[in-house]
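Me: I'm in my first year and learning to read protein structures. Could you take a close look at a single part with me and walk me through it?

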Amino acid sequence: MKVLATDLDGTLFYPKDKKNIICLENLKFIRDFIDEGNKVILISGRSFDFLKIVEQKINRPCSLICFNGALIYDEKIISSTTIPNEVSKNIIKLFTDYFDLPGTFIMTSKGVYIKLNTTKIFKNLAKLYYKAQKIYKENYCFDNLEFDKELNNGDIYKIMLFFGISRKRKEKASEANKVLRNLLKNYESSWSDEVIEITAKDCNKAKAILKLIDTENIKKDDVIVVGDSGNDISMFKEFYENSFCMGRANPIVKEYAKTTIDKFSDLSLYLLKK
C-alpha cells in the first residue's frame, strides 16, 4: 500500500474548479489511486470542517491533517494542539506593531477570524475577495469584536500574519519569517507569499505525517508527498525521495522537492499501476 499526502490549494485544487471543488481529472486520479488499495492524506493549513467537505467530494475515506498539522484525524482525532490564548495575543501584538501589518488571521475551532488594520476600502475589497472564493470559501468572520473574543477564549490552531499583496511586501514576509524562526523557538512558522503561518511546536506537515503513519504501522518509504508552498517544505525534506512539487510554485519552494510536475493528475504516471 502506498500513501499519498496531498496539499489542497494550488495542488489538488489546481486548476481551480469553482463548481466541483476538485477538477474532474484530479478527482479521477485520486479515486483510482485509492481504489487500487492505497491511502490518501489530505494535508492543509485549512480547517477540519473544510477538509471533511473535500473528503465527501472525493467520496472515499481519507485521513485529514488540518491547520498545517495542529489537528490529525483518521476516523477519530489522533492529536489536537492549540496555541495558548495569552501567547497568541503576545505574538500578534509584537509582530503587528513591529512589521506594521495590514492584517492578522486566527484559525480556531469555529472558523477563520480576520482583523484588518487598514482602510475601509481595502476591508471591503477583502470581503469581496473572500466572497468570490465561492466553494473554496471557509467560514470567515471580519468582525473585530468577534476576533478579540476568539483571541481571548477560542481554541487557536493557527495564526496568520498578513504582510500585504505587493511584491515588496511578499519579500518582506520571507525575510520576516527568518526572524520569527529565531525568536519563536517553541513554535513553528512557515512563509507562503504574503503570509506567515504560525502553529505550536512540532505542528508542521512532516511531523504530522510521521505521527499518523506511526499509529498505523506504515513505512516511511511508502509515503509520497505533493505540494506547492512554503508550508510544504517540511514534508519535502522529510520524504525527499518521494516528493513532488507543482511547477507553478515559488522557485525557492521547488528547490526542496525531488520531482516537479505541471498538474496534480501527472502523478498518475508515477503512482498508478500500468
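Which residue just after H3 takes a positive phi? Please tell me about H3 and its surroundings too.

Reply: Happy to help! Keep in mind that this is a predicted model. The residue you are after is asparagine 59, which comes just after H3 and has a positive phi of about 65 degrees.

Now step back into the helix itself. H3 runs over residues 48-58. Its buried residues include Phe50, Leu51 and Val54, and Glu55 and Ile58 are buried as well. These residues lie on the same side of H3, because they cover an arc of only 145 degrees around the axis. What lies over them? The cover includes two helices, H1 and H2, along with strand S2 (39-43) and strand S3 (63-66).

Let's pick out phenylalanine 50 from that buried side. Its relative accessible area is 3%, so phenylalanine 50 counts as buried, the cut-off being under 20%. A search of the whole structure finds 11 aromatic pairs, and phenylalanine 50 forms one of them with phenylalanine 13. The two ring centres are 6.2 Å apart and the planes are at 75 degrees, an edge-to-face arrangement. This pair links distant parts of the chain: phenylalanine 13 belongs to the loop between helix H1 (8-12) and helix H2 (24-35), 37 residues away from phenylalanine 50. Phenylalanine 13 is also buried, because its relative accessibility is 2%.

Next, look at Val54. Together with Leu4 and Leu42, Val54 has the most contacts inside the largest nonpolar core, which has 70 residues. Strand S9 gives the largest share of this core, with 6 residues.

Leucine 42 brings us back to the helix. Leaving aside neighbours within four places in sequence, leucine 42 is in contact with Leu51, Val54, Glu55 and Ile58, among others. Those four are among the buried residues of H3. The contacts of leucine 42 also include Thr6, Leu8 and Leu12, as well as Cys62, Ser63, Leu64 and Ile65.

So where does this leave your picture of H3? Follow the buried side of the helix, find phenylalanine 50 with its ring partner phenylalanine 13, then move to Val54 in the largest nonpolar core, and finish at asparagine 59 with its positive phi.

Conventions: Residues are numbered from 1 along each chain as its sequence is written. This is a predicted model: local features need pLDDT of at least 70, side-chain atom pairs count only at pLDDT 80 or more; totals for chains, interfaces and linings use all residues. Side-chain values use heavy atoms; hydrogens and water are left out. Rings of Phe, Tyr and Trp (its six-membered ring) pair if their centres lie within 6.5 Å; planes under 30 degrees apart count as stacked, over 60 as edge-to-face and the rest as tilted. Buried means under 20% relative accessible area, exposed over 50%, partly exposed in between (1.4 Å probe, protein chains only). The arc is that of the directions from the helix axis to the C-beta atoms. Contact means heavy atoms within 4.5 Å. A nonpolar core is a set of buried Ala, Val, Leu, Ile, Met, Phe, Trp, Tyr and Cys residues joined through side-chain atoms within 4.5 Å.
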